Amino acid sequence: MSHDPDSALARAKERLRLSDLWRLRGWPHEPARECFAPFRPDDRRKSFSVFTTSGGEELAKDFKSGDVFDAPALLAAVEGLDMREACRLFIELAGVKGEPQERRHGPRVPRARQIVTPAAPVREKPLLPALRAPTSTEAEHIARQRHVSLECVLHAAALGVLFVAPWRGFASWCITDSTRWNCQFRRMDGKPFPHPAGAKKTLAAPGSWASWPIGAADLATAESVLLVEGSGDFLAAWHFITAEHLHGRCAAVAMTGAANWIPSEALPEIAQRRVRIFPHLDTSKAGEEAALRWETQITKAGGAAHCFDLSGLVTNSGDAVGDLNDVLLMERHEIEELGSIAAF
């Protein structure tokens, strides 16, 4: 079935706004009413503007040249593409390439006012930048920063659950799985992302299904699962799986927030395996409560799950261990005294 490219482009512009495209591609600076041009790295004055027309479309104006850009035109200008290629890429990024033309009846409801049930088939996947495997240098950097082995980073990358990509203008690494329902970014330099609600060490790609357990779709032949909270513990889990030579037999799965429940779409895959859960320990008790909730869900689904007790452990600096990643900061002989982490 052929589709009118102009129609596809119009639908893409409805779905992917200019400012979202800017952040998606990791262009420098932040889009704003007064901002720096993303294609002029030597800009010293804010001679660029992102604004919304009376019709609701976001455009950008370069006051130095007087040019006005829609989203595809800005993509062409920033990334050096001709307009045909820029339009094709823009349609792909918006996720509408090949979709049939919708027939609309009555007034269009703005997406911001639509209600989407989390498990419904109409759920849209997040828009992601071009993800790639880390280079050897980047893998070494991630390993040093997270105190995990280089082997585990390379293995996670080979499995397709660890990638690097620019995010919000910063070199970043991220975890996701083959479903691409949920993608969580952290800066390569270890610093938090600036955010209107306060600095955040982790940012989810907009539109991510927050409760989707990253890795649940790729358990394959694994007989057991290390269920953790967050991207740091996700890599720590792979560290222990790698160190104990359990590739293929044990896999890591990450919940990305203590408030989340394991969704019904993922629960059967997890519950049919032995599960060891590693709670986050903090004064709020949110991490422990979440771990017990996940244990209960798995047990009620017919699975076998238990929580690993991290309480009372201390790092080599004397700080209390708060999560699985902190275990890697303990003295080597104390880690060995814990016994096997991934084999149970």
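**Helix packing in the predicted model**

Of the 344 residues in the protein chain, 48% are buried. The model is predicted, and its chain contains 11 helices and 11 strands. Among contacts in the chain with a separation of 6 or more, 61% are accounted for by residues 24 or more positions apart. Three helical regions are described below.

The first region concerns helices H3 and H4. Helix H3 spans residues 71–79 and helix H4 spans residues 83–94; their axes come within 8 Å and cross at roughly 115°. The crossing of H3 past H4 is right-handed. On the H3 side, the contact involves Ala71, Pro72, Ala73, Leu75, Ala76 and Glu79, which meet Met83, Ala86, Cys87, Leu89, Phe90 and Leu93 of H4. By residue class, this contact of H3 with H4 comprises 11 nonpolar residues and one charged residue, with no polar residue.

Helix H5, formed by residues 136–146, contains the buried residues Glu138, Ala139, Ile142, Ala143 and Arg146. These residues lie on the same side of H5, because the arc they cover around the axis is only 135°. On the face of H5 turned away from this buried side, the exposed residues Ser136, Thr137 and Arg144 are found. The packing partners of the buried H5 residues include both helices and strands: H6, H7 and helix H10 (324–327), together with strand E4 (162–167), strand E5 (170–175) and strand E6 (184–187). Just after H5, the residue His147 adopts a positive phi of about 60°.

Two of the helical partners of H5, namely H6 and H7, also pack against each other. Helix H6 (residues 150–159) and helix H7 (residues 231–243) do so at an angle of about 105°, their axes being 9 Å apart. H6 is therefore roughly perpendicular to H7. From H6, the residues Glu151, Cys152, His155, Ala156 and Leu159 make the contact, and from H7 the residues Leu235, Trp238, His239 and Thr242 take part. The contact of H6 with H7 is divided among five nonpolar residues, three polar residues and one charged residue.

In both helix pairs the contact includes one charged residue. Polar residues, by contrast, are absent from the contact of H3 with H4, whereas three are present in that of H6 with H7.

Terms used: Residues are numbered from 1 along each chain as its sequence is written. This is a predicted model: local features need pLDDT of at least 70, side-chain atom pairs count only at pLDDT 80 or more; totals for chains, interfaces and linings use all residues. Side-chain values use heavy atoms; hydrogens and water are left out. Axes are lines fitted to C-alpha atoms, for helices over the stretch in contact, and angles run from 0 to 180 degrees between N-to-C directions. Helices (H or I, at least four residues) and strands (E, at least two) are DSSP runs, numbered from the N terminus. A crossing is left-handed if the near helix is turned anticlockwise from the far one by less than a right angle, and right-handed if clockwise. Contact means heavy atoms within 4.5 Å. Ala, Val, Leu, Ile, Met, Phe, Trp, Tyr, Cys and Pro count as nonpolar, Asp, Glu, Lys and Arg as charged, and the others, Gly among them, as polar. Angles under 35 degrees count as roughly parallel, over 145 as roughly antiparallel, 65 to 115 as roughly perpendicular and the rest as oblique. Buried means under 20% relative accessible area, exposed over 50%, partly exposed in between (1.4 Å probe, protein chains only). The arc is that of the directions from the helix axis to the C-beta atoms.
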